[in-house]
Amino acid sequence: MDESKLMAENREYIVFTGKTGGVDVTNALVSAAEQEASVLFIVSTYGHIKSGVIVATDSNIWLKEQPSLAEKESNKNCPQCCAYSCRKRDMINLDLAVINVKIADAVSFVVSGINGVKWFMERSKSLRLRVYHSIPSCVPASSPELEWTAFVFGKNEVEELSGEDNVLALGEVMDYKRVLSGDRVLKAMVDTALKRGLRVEGHIPTLKGHELSEYVSWGITSDHTLMNPERITERIYRGVFVMLQLKSITDENIRTVMNFKDRSAVLLVTDDVEPSMIKYGHISTTVKKAVEKGMPAMEAIASASIRPAHYLNLNNIGLIAPGYKADFLVVKDLIDFPPEEVYIGGELVAEKGVFLKTSPVMEYEKFQAARSGCSVTDTPIAGTAIPLLKPDLQISKEDNTICNCNAVVIENDDNSLTGLEKININLLKGYPDFKRHKDIALIGVFARNGKSGNVGIVKNLGLNNGAYASTFEHDSHNLMIVGRGIDDMLKASQVVSGMGGGIAVVKNGSVLAELPLPVMGILSDHNYKEVAKRLTLIENTLKSLGMSHKRPFLLLSVLCLSVSPYFKFSNKGIVDTENRKLMEN
């Protein structure tokens, strides 16, 4: 790499000719950042970065090596040709550029089967963002014996979806117990993905030692679950890419990571970031927290850009270098977000927090054509069909008795870990006597087909009044209702059904907050700001009703995730997620 320094109008700049990128270009970025100089580069034909030298002043930048006449002609009408490739441009303190791309797991859209997944993949093409996909691997998350889903995915679905555009991976293999048992269906899915050249994502919340090695030996190469120093170290030593999401960014974890000489397998990621939090940031929030906990800014940025790109075998993004996609951010400071400008394929799509390019409106006729029989509006829990009656919420048909019940216990206010406890519950006409039991709530989970359901007890949820109902419940997205008043629980379920799916909070018969999710019962047709506003109201309302968890919506949405440690609810009962069995209520 030919690197030199220029003095222009009393300001120093790093100027370089990029070749193949890699370590040299990364070092140039680091050098420039340390010297508070501007990093300058060229974006050329069709939104790719082009080799060349840029000479700069405080007000203008231009090419020292001018493009050929043919290049000029080809760039003239190219909508993705960034102004950097054309002689002059007003400069905007370009201190650093960070790559902008997303990989999405369409697991929630399997409520409408493979057509729902394809619909989501197709719709993402119209976004002003580069979106890649992973194929849902666990449909259902555990097994049909433990929970109801309308569809079950296997080898054929992986084979078919692997041919879709921008598919890079098989989504997180959540049912690690099926892996350890040598499940043939799951093994065929993983093998098919590997044969198609896909990464296989992991989900390993509890495994260690020999069991961890056995899981990894299938070709599964990552883990994004809750981390601690021991788990990070063990996974790195076994060749597993460690993905740190926000809840894993702790002082001790960052110290552990920084003690590694090679941190190329440490990635910063997001998982289940609700709209009420996205307004404060997305991956940028994870990056900023990592820096606050002691990770150097350039390390954090690398773990959120070039390292994930390499992990996913994306060899043309993640770096500012010749031949790479011109997807980048312009920021005033290394971790100053939101960015000043956002470019995708060399095209300016956002500026100072304002989105400049509108995406096409969702075309409902295409969605209707893609829908299959499991859309929430086609099932008995939606529309005007209200299947739930008061007796459906009874724990027992016996009157004025005591039930020695299994209760799922919320362990803390920070994450979704749950335990199990046997407690005596006084019943009145088959329902819990909430006046005697201040620390419990009744929970019910009902399958979307309206043919099965189950009720149980959750302890330490914090809810002291009212009810919550939702069709957004990972990963089967059946109807879940939780509350401390039977009439309020029925009312909340009716509100959700009447909206064609969604979320509702009810107290004393009044609806305090609601969010319609009419598309498959999981997706809103409101704009982002309206969704964030409504979800924020839902969370604040839940807190006003007693919930103390930091993220009440997230906690409630994973109470039905049948692979999340250690005990969760399904339409068939309490699921012991470690031993893959149903517990008695």
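Start by selecting Lys-352: this residue is exposed, with a relative accessible area of 57%. You'll find Lys-352 in the loop between strand S15 (347-351) and strand S16 (354-355). Check its backbone while you're there: Lys-352 has a positive phi of about 50 degrees although it is not a glycine. Most residues other than glycine have a negative phi. Keep in mind on this tour that the model is predicted.

**Another positive phi**

Now jump to Asp-272, in the loop between S12 and helix H10 (275-278). Here phi is near 55 degrees, again a positive value in a residue other than glycine. Is Asp-272 buried, exposed or partly exposed? With 31% relative accessibility, Asp-272 counts as partly exposed, because the partly exposed class runs between 20% and 50%.

**A three-strand sheet**

From that loop, step back to S12 and colour its sheet. This is an open sheet of three strands in the order S10-S11-S12, with parallel pairing. Strand S10 (222-223) and strand S12 (266-268) are the edges, each pairing on one side only. Strand S11 (residues 241-244) runs parallel to S12, and three bridges join them. To see one of these pairings, pick Val-242, whose bridge partner in S12 is Val-266. Then add helix H8 (residues 229-237), which lies across S10, S11 and S12 and runs at about 145 degrees to S11.

**Two cis prolines**

Next, select Val-139 and Pro-140. The peptide bond from Val-139 to Pro-140 is cis, with omega near 0 degrees. Pro-140 sits in the loop between strand S7 (131-135) and helix H4 (155-161). For another cis bond, go to Phe-337 and Pro-338, where omega is near 5 degrees. Pro-338 is in the loop between strand S13 (328-330) and strand S14 (341-344). Most peptide bonds are trans.

**Into S22**

Time to go inside. Select Tyr-468, which is in strand S22 (residues 467-470). Tyr-468 is buried, with a relative accessible area of 0%. Show the side chains of the strand: Ala-467 and Ala-469 point one way, Tyr-468 and Ser-470 point the other way, and all are buried.

What does S22 pair with? Strand S23 (residues 479-483) pairs with S22 in the antiparallel sense over four bridges, and the partner of Tyr-468 there is Val-482. Strand S24 (residues 502-507) also pairs with S22 in the antiparallel sense over four bridges; on that side, Ser-470 is matched with Ile-503.

Now display what surrounds Tyr-468. Beyond its neighbours within four places in sequence, Tyr-468 is in contact with residues including Glu-473, Met-480, Ala-492, Val-505, Ile-538, Leu-542, Phe-553 and Leu-556. For a distance to try in the viewer, take the C-alpha atoms of Tyr-468 and Ser-493: they are separated by 8.2 Å, though the residues are 25 apart along the chain.

**The cavities**

Switch on a cavity display if your viewer has one. The structure holds four cavities of 30 Å³ or more, and the largest has about 100 Å³ of space. Of the 15 residues lining the largest cavity, select the closest to its centre: Val-110, Val-111, Thr-149, Asp-475 and Ser-476. By class, this lining has 11 nonpolar, three polar and one charged residues.

**Zoom out**

Finish with the whole protein in cartoon view, with its 17 helices and 28 strands. Buried residues make up 57% of the 585 residues. Among contacts between residues at least 6 apart in sequence, 62% join residues at least 24 apart.

Terms used
Residues numbered from 1 in each chain as written. Predicted model: local features only at pLDDT ≥ 70, side-chain atom pairs only at ≥ 80, totals over all residues. Heavy atoms only, no water. 1 Å grid on protein atoms, 1.4 Å probe; cavity = no way out; pocket = protein on both sides within 12 Å on 5 of 7 lines; lining within 4 Å. Points joined across faces, edges and corners; volume = space filled by probe spheres on them. Nonpolar A, V, L, I, M, F, W, Y, C, P; charged D, E, K, R; others polar. Helix = DSSP H or I, 4+ residues; strand = E, 2+ residues; numbered from the N terminus. Buried < 20%, exposed > 50% of the residue type's maximum accessible area, 1.4 Å probe, protein only. Contact = heavy atoms within 4.5 Å. Pairing = 2+ DSSP bridges. Axes fitted to C-alpha atoms, helices over the stretch in contact; angles between N-to-C directions.
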